[in-house]
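This report describes a protein chain through its loops, its helix packing and its nonpolar cores. Please consult the sequence and the model while reading.

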Amino acid sequence: MKFTVKILLICLSFLSMSCRQQAERKVTITFWAMGAEGETVQKLVPAFENLNPGIHVKIQMIPWTTAQEKLITAYASGNTPDGCQLGNTWVPQFEALNSLENLDKWIKSSNVIQKDKYFPGIWDTNVLRGSTFGIPWYIDTRLLFYRTDILALAGYKNPPKTWAELYDVSKKIKALAGESGRFAIYLPTSNEWAPFIIFGLQNGSDILKDNGRYGDFSNIKFREAFEYLIKFHKEGLSPVGISQVTNVYQAFRDGYFAMYISGPWNIREFEKWMTGPLKDKWMTAALPSPTGNKPGLSLAGGSSLVIFKESPHKKEVWKFFEYLSSTQVQLRFYKEINDLPALKEAWHDSSITGNKYMKAFFIQFQNVVATPKVPEWEEIVFSKVQQYAELAARNVMPESQALKALDHDVDNILEKRRWLLSR
């Protein structure tokens, strides 16, 4: 009996030692995620850890409103996480700080993450000077949401495919509205910059010139697009600013406007508001283009997965990224919070093909481009493009004067960049 007890104690001792050694070998990686994505990715971690018992993933959720500041602070204090979700327009900023891992060698050796599995325009948002610093995680773009019933009353069975058609249908909708105070399309100025940049890109503008050293908004290509959109405000086809539309969804439901350029995050909201007899009275469409030969360009948006250069656990983080980049996990993410999958293969799943609003997004993703890849981009569009669009739309400044002033301000913002590039 005593012998048996002794054997049992020895076995328990070995087992305890083994467990301790396994725990000591386990690597903990930290991953920062923003908004609803942080909450959702946390649900995906247990399955990953079961597949990879040597890796523990610690998720830190950060509000979008403070995310950029927290990341800058973490960089400055040398406390960056191992990996992170990063808005793809933020990638140039953190790459400029030399804080991101060049992912080329990881991609080259991966059977899961390969460039040709993604939409080219989206993938390109992560490429700087020929090297890749992020992997598309979930994606978005802007396209046209429109009221089918109102367009039909204006004589349009299909959404406008050209700039001329967009202007024409807008005038007809406004004529139908009469003195009701309703509008054709909502092109906000003070809180939205995207339509102005999108139409500028569609018209062949580079937005910035000399390798991002100077603004190029006065260039004829951008000016034509800008004047085209401001015309909608000056002719009363679109409300100006946000004061005239306090609730976009209610305004769309009430027919206060019939068209709106926005992204996939609005689908569920419109579904909530467009109910009853209005349930089938709205649709999505790829953006019109200047000529109508193909859908107009739109923005390549979304969030990327990045590894910070100082991480001692890059191998484990990459394994986590490969897990998040599988078709199955991308689809689960889509079903949980409607974030659109970055992988083209996932778009053939019935959960997406069965959603009639998704078809236009799939078409639009074939024709998206990155915004200029400069760290100052968000400062340029949020503080300056919106400001001068508002002034032009309210007739405070002629369009040409507004664009010259915009170039002047943007040149000042880019002064440090010119100095760095000249060294």
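## Two loop residues with positive phi

Arginine 129 is located in the loop that joins strand 4 (127–128) to strand 5 (131–132). The model is a predicted one. Although arginine 129 is not a glycine, its phi is positive, at about 50 degrees. The residue counts as exposed, because its relative accessibility is 68% and the cut-off for exposed residues is over 50%.

Isoleucine 207 also has a positive phi, near 70 degrees, and is likewise a residue other than glycine. Its position is the loop between helix 9 and strand 9 (208–209). Is isoleucine 207 buried or exposed? With a relative accessible area of 0%, isoleucine 207 is buried.

## Overall composition of the chain

The chain contains 19 helices and 16 strands. Its C-alpha trace spans about 100 × 60 × 35 Å along the principal axes. Of the 423 residues in the chain, 53% are buried.

Contacts in the chain with a separation of 6 or more were also sorted by distance along the sequence. Residues 24 or more positions apart account for 75% of these contacts.

## Nonpolar cores

In soluble globular proteins, nonpolar side chains tend to be buried together. In this model the largest nonpolar core has 121 residues, and those with the most contacts inside it are Phe31, Val41, Ile197, Phe217, Met259 and Phe320. Helix 17 (residues 377–393) supplies the largest share of this core, namely eight residues. A second core, separate from the largest one, has 16 residues, including Met34, Cys84, Leu128 and Val306.

Which residues does phenylalanine 320 contact, leaving aside its neighbours within four places in sequence? Its partners are Ile29, Phe31, Val41, Val45, Phe48 and Val57. Among these partners, Phe31 and Val41 are also listed with phenylalanine 320 among the residues with the most contacts inside the largest core.

## Packing of helix 9 against helix 10

Two packed helices are described by the angle between their axes and the distance between the axes. For helix 9 (residues 194–202) and helix 10 (residues 220–234), the angle is about 135 degrees and the axes are 8 Å apart. Helix 9 is therefore oblique to helix 10, since the angle lies outside the ranges for roughly parallel, roughly perpendicular and roughly antiparallel pairs. The crossing of these two helices is right-handed.

From helix 9, the residues Pro195, Phe196, Ile197, Phe199 and Gly200 take part in the contact; they meet Phe222, Ala225, Phe226, Tyr228, Leu229, Ile230 and His233 of helix 10. By class, the residues of this contact comprise 10 nonpolar, two polar and no charged.

## Packing of helix 10 against helix 17

Helix 10 also packs against helix 17, at an angle of about 50 degrees and with the axes 9 Å apart. This angle makes helix 10 oblique to helix 17. The crossing of helix 10 and helix 17 is right-handed.

The helix 10 residues Phe226, Ile230, His233 and Lys234 meet Tyr388, Ala389, Ala392 and Ala393 in helix 17. Six nonpolar residues, one polar residue and one charged residue form the contact of helix 10 with helix 17. Phe226, Ile230 and His233 are listed in the contact with helix 9 and in the contact with helix 17.

## Individual residues in helix 10 and in a further loop

Tyrosine 228 is part of helix 10. Because its relative accessible area is 8%, tyrosine 228 is buried. Apart from neighbours within four places in sequence, tyrosine 228 is in contact with Trp163, Leu166, Tyr167 and Phe199. Glutamate 227 is also found in helix 10, but glutamate 227 is partly exposed, with a relative accessible area of 30%. Glutamate 227 and threonine 132 lie 95 residues apart in sequence, and their C-alpha atoms are 36 Å apart.

Asparagine 367 is placed in the loop between helix 16 (358–365) and strand 16 (368–369). Asparagine 367 is buried, with a relative accessible area of 14%. Residues up to four places away in sequence not counted, asparagine 367 touches Lys294, Pro295, Gly296, Leu297 and Ser298.

How values were computed: Residues numbered from 1 in each chain as written. Predicted model: local features only at pLDDT ≥ 70, side-chain atom pairs only at ≥ 80, totals over all residues. Heavy atoms only, no water. Core = buried A, V, L, I, M, F, W, Y, C linked by side-chain atoms within 4.5 Å. Buried < 20%, exposed > 50% of the residue type's maximum accessible area, 1.4 Å probe, protein only. Helix = DSSP H or I, 4+ residues; strand = E, 2+ residues; numbered from the N terminus. Contact = heavy atoms within 4.5 Å. Axes fitted to C-alpha atoms, helices over the stretch in contact; angles between N-to-C directions. Parallel < 35°, antiparallel > 145°, perpendicular 65-115°, else oblique. Left-handed = near helix turned anticlockwise from the far one by under 90°. Nonpolar A, V, L, I, M, F, W, Y, C, P; charged D, E, K, R; others polar.
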